[in-house]
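Biologist: I should like to learn how the features of a structural model are read. Could we proceed from the sheets to the core, and then to the backbone?

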Amino acid sequence: MSTVARHRRPRSTKSRQARGGHHRPPGSPPLDPLDRRIDGRLDERFDAETTRSSFAIVLAGFAVLMAAIAGVTVLVIGGEDSPGETPVAAVASAGTTMPGMDMSGATGATAAGAATASTAAGAAKNVAFEPFQRVDPTLPPVPPGPVKHFRVEVYQHVTKVSPDEPPTEVWSFGVNGTFYRGTGVSAPMVVNVGDKVKMTLVNGGSKAMGVTMPHSIDLHAAEVDPGEAYVDVAPGKTHSFSFVAEHPGVFMYHCATQPILLHTGAGMVGMFIVKPKNLPPSHHEFWLTQQEYYLGEPGGMADLAKMEAEQPDVIAFNGYADQYKEAPIVVDRGHRVRLWVLNAGPSKWTAFHVIGSIFDRTMVEGVEGHDAQTISLAPSQGGYVELTLDKEGTYPFVDHSFGDMIKGASGALQTTNAPPPMPGSSH
Ligand SMILES: [Cu+2]
């Protein structure tokens with residue numbers, strides 16, 4: 001009974017944010033345990049209410065219930081009583097079986113997120129949008145060959161960037177055939193320092209790309225004449241330029257077409273990594289692009305006034321709010337983890353922190369650091385951090401500017417044999 005009752009409880013955006021523990025001071029316990037404690041209290045209260053309201057029904061239907069000890073009839077009554085149950089259960093089931101999704105230890109959390117998503121989807125039910133698919137944060141390899149060729153294709157699409165918000169139109173970059181539809185992130189590119197790079201910008205190679213206007217690409221990793229390289233490209237047209245990646249770092253790329261705030265705020269930002277020479281191997285390497293979203297009408301263009309006011313609705317890692325909180329990134333205990341982080345903005349600063357861990361080594365904008373709790377990244381800045389998780393567990397990573405974290409800038413690393421959720425939790 002109590003398990004079913006928990007799943008019936010609708011989760012509003014507000015209660016979800018409250019559960020995030022967003023106003024906790026630094027040094028507080030990890031998010032998930034707090035979530036569970038608050039969740040547990042809500043669940044207890046809900047269970048009590050459900051029990052009271054059900055009591056009369058139970059008395060009146062005592063004979064029926066006795067006859068239904070086998071369980072089948074009870075389930076049917078439960079289904080009729082609680083229209084919310086079926087979609088939640090169905091979504092949870094779909095989430096656990098979705099191919100390619102890393103669900104370790106996160107099944108319940110995913111069900112909770114999906115329940116919220118179905119509510120928001122209902123609010124914008126007339127807007128068609130791409131289904132969410134978790135973005136694989138594994139760092140992609142450097143392309144083969146003596147010249148690293150990137151075919152970067154612009155696409156304009158309607159997707160959600162948060163389970164709590166209606167769908168929105170996002171303008172994105174796909175790279176060498178990788179398109180993260182169903183999220184708002186653009187694909188990353190990776191080369192080694194000294195590599196020759198050829199960029200080919202394709203502004204909508206087919207009708208499916210939905211391009212309606214000129215776009216461009218401005219690549220911070222390149223030393224080129226911007227007047228030649230970063231030109232506007234008409235819909236359906238292509239533009240190429242080449243350069244040598246002489247400086248290591250985590251660089252931003254973005255559309256530079258005017259108004260540039262609109263194009264970058266509508267999604268046209270991404271990560272270009274130039275790996276340094278003699279970088280020690282790391283067991284795990286992941287990429288995380290932090291990005292802001294300024295929502296307009298459901299399914300419509302992003303809101304320029306919100307961009308001018310620097311008031312994003314959503315701030316997310318890799319294009320979808322809290323996606324790695326709902327389904328954490330799994331790592332092996334005791335192995336080195338390297339996180340490549342870009343603050344793609346376009347306008348907010350970020351304070352990247354992993355709860356329960358300290359960065360052994362950091363490299364931000366050419367400055368090497370060590371023993372660091374947080375790295376600070378201005379819009380466009382990037383770097384990498386290295387850490388090792390010595391104890392099994394779940395380690396949230398956040399934008400430690402908490403007013404921004406609650407907009408979706410949180411996720412988690414989870415070791416392979418992390419302890420199960422606390423007893424009494426709904427997760
Ligand atoms: Cu653009």
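Modeller: The discussion below takes these topics in turn, and the model is a predicted one.

Biologist: How is a sheet read, and what is the strand order of the open sheet of four strands?

Modeller: In general, the strands of a sheet pair through backbone hydrogen bonds, either parallel or antiparallel. Here the order is 2-1-4-6, and the pairing is mixed. Strand 2 (168-175) and strand 6 (238-244) are the edge strands; each has a single partner strand, so one side of each lacks a neighbour in the sheet. From one strand to the next, the twist averages 20°.

Biologist: How many bridges join strand 1 to strand 4?

Modeller: Strand 1 (residues 147-159) and strand 4 (residues 196-202) run parallel and are joined by seven bridges. To locate the register, one may begin at Val-152, which stands opposite Leu-201 in strand 4.

Biologist: In what order do the strands of the six-stranded open sheet lie?

Modeller: That sheet has the order 10-9-12-17-14-15, again with mixed pairing. Its edges are strand 10 (314-317) and strand 15 (367-372), each of which pairs on one side only. The average twist between one strand and the next is 20°. Within this sheet, strand 9 (residues 284-293) pairs with strand 12 (residues 336-343) in the parallel sense, over seven bridges. One position to inspect is His-284, whose bridge partner in strand 12 is Val-337.

Biologist: Turning to the interior, which residues have the most contacts inside the largest nonpolar core?

Modeller: They are Ala-316, Trp-340, Val-341 and Leu-413, in a core of 89 residues. Domain 2 (147-282 + 297-309) and domain 3 (323-415) both contribute residues to this core, so it lies between them. Val-341 offers a detailed view: beyond its neighbours within four places in sequence, its contacts include Val-250, Leu-288, Phe-352 and Leu-377. Gly-382, Gly-383, Tyr-384 and Val-385 are also among the contacts of Val-341.

Biologist: Is Val-190 buried or exposed, and why?

Modeller: The reasoning rests on a count, since a residue is buried if 20 or more other C-beta atoms lie within 10 Å of its own. Val-190 has 22 C-beta neighbours inside 10 Å and therefore counts as buried. Val-190 belongs to strand 3 (residues 189-192). Its C-alpha atom is separated by 6.9 Å from that of Pro-140, although the two residues are 50 residues apart along the chain. Apart from neighbours within four places in sequence, Val-190 is in contact with Leu-139, Pro-140, Pro-141, Val-142, Ile-273 and Lys-275.

Biologist: Where do the cis peptide bonds at Pro-259 and Pro-346 occur?

Modeller: The omega angle is the value to consult. For the bond joining Gln-258 and Pro-259, omega is about -5°, and Pro-259 lies in the loop between strand 7 (249-254) and helix 9 (260-265). For the bond joining Gly-345 and Pro-346, omega is about 20°; Pro-346 is in the loop between strand 12 and strand 13 (350-354).

Biologist: What is the phi value of Asn-278, and what is that of Ser-380?

Modeller: Asn-278 has phi near 55°, a positive value in a residue other than glycine. Asn-278 is placed in the loop between strand 8 (269-275) and strand 9, and counts as exposed because it has 6 C-beta neighbours inside 10 Å. Ser-380, also a residue other than glycine, has a positive phi near 90°. Ser-380 lies in the loop between strand 16 (374-377) and strand 17 (382-388). With 18 other C-beta atoms within 10 Å, Ser-380 is partly exposed.

Conventions:
Residues are numbered from 1 along each chain as its sequence is written. This is a predicted model: local features need pLDDT of at least 70, side-chain atom pairs count only at pLDDT 80 or more; totals for chains, interfaces and linings use all residues. A nonpolar core is a set of buried Ala, Val, Leu, Ile, Met, Phe, Trp, Tyr and Cys residues joined through C-beta atoms within 7 Å. A residue is buried if 20 or more other C-beta atoms lie within 10 Å of its own, exposed if 12 or fewer, and partly exposed in between; C-beta atoms are placed from the backbone. Domain bounds come from an automatic or database domain assignment. Two residues are in contact if their C-beta atoms, placed from the backbone, lie within 7 Å. Two strands pair if DSSP finds at least two bridges between them. Helices (H or I, at least four residues) and strands (E, at least two) are DSSP runs, numbered from the N terminus. Axes are lines fitted to C-alpha atoms, for helices over the stretch in contact, and angles run from 0 to 180 degrees between N-to-C directions.
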